[in-house]
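User: I am a first-year student, and I would like to understand how the descriptive words used for a structure are justified. Could you go through some of them with me?

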Amino acid sequence: MFIDSHSHLDDDRFNEDRDILIKSLKENKVDIAINVGADLETSINSVKLADQYDNIYAVVGVHPHSASEVTEDTLNQFREMAKNKKVVAIGEIGLDFYYDNSPRDLQRKWFKEQLELAKELDLPVVIHSRDATKETFDTIKEAQDGGTLRGVMHCFSGSVEMAMEYIKLGFYISLAGPVTFKNSRVSREVAEAVPLDKLLIETDCPYLTPEPYRGKRNEPMYVKYVAGKIAEIKDISVEELAKATSTNTRELFGIK
Ligand code: NI
């Protein structure tokens, strides 16, 4: 029924119960979880999970936090990994000027290089952006050039206007747990405004746990709370929302 379009099941917090959790996704109405890398090691681990389980697909890339660790060789390793049919995108990549864990110039350099890598490999991108709204958009727009770049704005936290600008570029908008939070007015406005055929849902687990489990470890099956809230906002059934977002996710990542 659901697809969790963004998870980190390789995270240490799943060490105790990863296998049983992944094997129980189906009975919890999650058909597929897309596991997203954030550096070389977690990208390798994502591919391992995808190789091990039919219901896991992998995304490989370096998060802006780890931009200072990237070398040309890292990109070559992603090129190799992308030969695996279960590697479906490059991500999560982008800019994070909130934490500034890596120098901004390096964030910019490797964000651009990984966008180019995605175009070279004809893969979509999974974008992380925090406190870097305009520059993230301008960078993507520039890379979009001929219109071959496609992707998703993961855990989108921007305005309705920004969401619509991304949709014009051919991008999808993905919403996560924050849409269920009481103080997340903007997220709800975005949920209402984004057309159903441009929307993805995700958990970003183990982070960003939705209500009513906020504060606990997040899991892919909690995507139903994200879906439930958005369906309520859009005044449609959860089934309709699940169907549309699953179709969109399969379309974007080329999953049959
Ligand atoms: Ni993430």
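User: What makes the arrangement around the nickel ion irregular?

Analyst: Please keep in mind that this is a predicted model. The 4 donor atoms around the nickel ion subtend angles of 85 to 177 degrees. Four donors count as tetrahedral if all angles lie between 85 and 135 degrees, and the range reaching 177 degrees does not fit that condition, so the arrangement is called irregular.

User: Which residues coordinate the nickel ion, and at what distances?

Analyst: The nickel ion is coordinated by NE2 of H6, NE2 of H8, an OE atom of E92 and an OD atom of D204, at 2.2 to 2.3 Å. Donors are N, O and S atoms within 2.8 Å of a metal such as this one, and the distances of 2.2 to 2.3 Å satisfy that limit. Because H8 lies in the loop between β1 and α1, whereas E92 belongs to strand β4, this pair ties together parts that are 84 residues apart in sequence.

User: How do you know whether S43 is buried or exposed?

Analyst: The relative accessible area of S43 is 0%, and buried means under 20%, so S43 is buried. This residue is found in helix α2, and its side chain reaches the backbone nitrogen of G61 at 3.1 Å.

User: Why is the pair of Y213 and Y222 called stacked?

Analyst: The search of the whole structure finds 7 aromatic pairs. In the pair of Y213 and Y222, the ring centres are 4.6 Å apart and the planes are at 15 degrees. Rings pair if their centres lie within 6.5 Å, and planes under 30 degrees apart count as stacked, so this pair meets both conditions and is stacked.

User: What makes the pair of Y213 and Y225 edge-to-face?

Analyst: For Y213 and Y225 the distance is 5.8 Å centre to centre, with 65 degrees between the planes; since planes over 60 degrees apart count as edge-to-face, this pair receives that name. Y213 lies in the loop between β8 and α8 and Y225 in helix α8, so the pair ties together parts that are 12 residues apart in sequence.

User: How do you know which of Y213 and Y222 is buried and which is partly exposed?

Analyst: Y222 has a relative accessible area of 15%, which is under the 20% limit, so Y222 is buried. Y213, with 30%, falls between 20% and 50%, so Y213 is partly exposed.

Conventions:
Residues are numbered from 1 along each chain as its sequence is written. This is a predicted model: local features need pLDDT of at least 70, side-chain atom pairs count only at pLDDT 80 or more; totals for chains, interfaces and linings use all residues. Side-chain values use heavy atoms; hydrogens and water are left out. Donors are N, O and S atoms within 2.8 Å of the metal (3.2 Å for Na, K and Ca); water is not among the atoms, so sites may look incomplete. Four donors count as tetrahedral if all angles lie between 85 and 135 degrees; four count as square planar and six as octahedral if opposite donors are over 155 degrees apart and all others between 65 and 115; anything else is irregular. Helices (H or I, at least four residues) and strands (E, at least two) are DSSP runs, numbered from the N terminus. Buried means under 20% relative accessible area, exposed over 50%, partly exposed in between (1.4 Å probe, protein chains only). A polar contact is a pair of N or O atoms within 3.5 Å; within protein, one must be able to donate a hydrogen and the other to accept it, and residues adjacent in sequence count only if both atoms are side-chain atoms. Rings of Phe, Tyr and Trp (its six-membered ring) pair if their centres lie within 6.5 Å; planes under 30 degrees apart count as stacked, over 60 as edge-to-face and the rest as tilted.
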